[in-house]
Amino acid sequence: MDMNLTDKVVIITGGASGIGAETARMFLNEGSKVAVFGRTQSKIESFSESIKKEGYEVFVDTADTKNMKSMELFAEKVVKKYGGIDIWVNNAGIEHYVPLASCDEDKWNEVIDVDLTGVWKGSKIAIPYIAKRGGGSIINLSSFCSLMPTAKNGIYSVAKAGVNALTKVMAAELAPQHIRVNCVIPGFIATDMTVEQIGTIEDMLLQPISMRKFGKPEDIAKGIVFLASDNAGYINGHALVISGGKFLVQNSQDPWNNYMGGY
Ligand SMILES: NC(=O)c1ccc[n+]([C@@H]2O[C@H](COP(=O)([O-])OP(=O)(O)OC[C@H]3O[C@@H](n4cnc5c(N)ncnc54)[C@H](OP(=O)(O)O)[C@@H]3O)[C@@H](O)[C@H]2O)c1
């Protein structure tokens, strides 16, 4: 079935690495026009170069989801170049590992600003542009931490739980404008964000995953592209879990360990 993504204009926040970068590649493969921003000039430039070598073009610039004005300017540049916006992916995210009781206000504010308020700000900018095209789609990156919070990653867990609620409310509020709003809930995906943990506590992280492997950025990108496409035309306000079956049961490793007489 045709995804109907050819010539659609897609903005991906924080799209120069990890999940965002793979999502950009997948949209480009579908014939979409893709624009990404991040905070680091060198990162967006090297992403743009690697995309060029793959035979595609991606529009890149710096912007920060904490700064509404910088995102507005980015959106204006994209509209000038590509004529509008059809799809907006709120992908930028950060985390600070710190217990809530000892966390300082700056760390709390930064994670909430980027991971939750940034999603609201990005969506607010996207809505009039998408509405002008007669409708489209917003996709937010949530996290498994929104379903089962992580100790010492509390601010992130709280912010991502907020993203799930925001997704449902916006989905309902924007339906009359033919804008579908969904989110993706990744499990544990091997990216810059997780490389340190994979290097130190790999076994512990694999324990609850029934498929006993980490996800790849493209596993999440496929879900995002699907939700943006006409194939998901009747899906609205949904949270798509892509986790290799994380925490399906309390004893995820038993089937692998061949306990209880074998499976
Ligand atoms: N990897 C996982 O296991 C996992 C699991 C659940 C959810 N997620 C979510 O998936 C999304 C992508 O994460 P990832 O794993 O692909 O991590 P990543 O490679 O670190 O990507 C995050 C990107 O966001 C950009 N960014 C951070 N803060 C920004 C800001 N204020 N404004 C603009 N860009 C900003 C970063 O670039 P700059 O620093 O240059 O700005 C970076 O390119 C995040 O929302 C994350 O919470 C990831």
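Here a biologist and a modeller talk through a predicted model, one question at a time.

Biologist: Let's start with the open space. How much space lies in the largest pocket, and which residues are closest to its centre?

Modeller: The largest pocket holds about 1,300 Å³ of space. Its lining is made of 50 residues. The ones closest to the centre are Glu 95, Tyr 156, Thr 191, Met 193 and Thr 194.

Biologist: Which element gives the largest share of that lining?

Modeller: Elements that give two or more residues to the lining of the largest pocket are helix H1 (18-29), strand S2 (33-38), helix H2 (41-53), helix H5 (154-174) and helix H6 (195-206). The largest share is five residues, and the element that gives them is H6.

Biologist: By class, how many residues of the lining are charged?

Modeller: Sort the lining of the largest pocket by class and you find 24 nonpolar and 18 polar residues. The charged residues in that lining number eight.

Biologist: Now to the ligand. Which residues come nearest to the ligand?

Modeller: There are 30 residues around the ligand. Those that come nearest are Ser 17, Arg 39, Thr 40, Tyr 156 and Thr 191.

Biologist: Which side chain has an N or O atom 2.8 Å from a nitrogen atom of the ligand?

Modeller: Let's go through three side chains in turn. Ser 17 has a polar side-chain atom 2.7 Å from an oxygen atom of the ligand, and Thr 191 has one 2.6 Å from a ligand oxygen atom. The contact with a nitrogen atom of the ligand, at 2.8 Å, belongs to the side chain of Asp 64.

Biologist: Thr 194 came up at the pocket centre. Is Thr 194 buried or exposed?

Modeller: Thr 194 sits in the loop between S6 and H6. Its side chain reaches the backbone oxygen of Ile 189 at 2.6 Å. The relative accessible area of Thr 194 is 9%, and the cut-off is under 20%, so Thr 194 is buried.

Biologist: What kind of ring pair do Phe 188 and Phe 214 make?

Modeller: The model has four aromatic pairs. For Phe 188 and Phe 214, the ring centres are 5.2 Å apart and the planes meet at 45°. Planes under 30 degrees apart would be stacked and over 60 edge-to-face, so this pair is tilted.

Biologist: How many residues apart in sequence are the parts that this pair ties together?

Modeller: Phe 188 lies in the loop between strand S6 (179-186) and H6, while Phe 214 lies in the loop between H6 and helix H7 (217-228). Phe 188 is buried at 11% relative accessibility, and Phe 214 is buried at 16%. Because the two rings lie in those two loops, the pair ties together parts whose separation in sequence is 26 residues.

Biologist: Which backbone oxygen does the side chain of Ser 229 reach?

Modeller: Look in the loop between H7 and strand S7 (239-242), where Ser 229 is placed. Ser 229 counts as buried, at 0% relative accessibility. At 2.8 Å, its side chain reaches the backbone oxygen of Phe 226.

Biologist: One last pair, Asp 115 and Glu 95. What distance separates their C-alpha atoms?

Modeller: Asp 115 is in helix H4 (residues 105-132), and it counts as buried at 0% relative accessibility. Along the chain, Asp 115 and Glu 95 are 20 residues apart. Their C-alpha atoms are separated by 8.4 Å.

Notes:
Residues numbered from 1 in each chain as written. Predicted model: local features only at pLDDT ≥ 70, side-chain atom pairs only at ≥ 80, totals over all residues. Heavy atoms only, no water. 1 Å grid on protein atoms, 1.4 Å probe; cavity = no way out; pocket = protein on both sides within 12 Å on 5 of 7 lines; lining within 4 Å. Points joined across faces, edges and corners; volume = space filled by probe spheres on them. Helix = DSSP H or I, 4+ residues; strand = E, 2+ residues; numbered from the N terminus. Nonpolar A, V, L, I, M, F, W, Y, C, P; charged D, E, K, R; others polar. Phe/Tyr/Trp six-rings, centres within 6.5 Å; stacked < 30°, edge-to-face > 60°. Buried < 20%, exposed > 50% of the residue type's maximum accessible area, 1.4 Å probe, protein only. Near = heavy atom within 4 Å. Polar contact = N/O pair within 3.5 Å; in protein donor to acceptor, adjacent residues only side chain to side chain.
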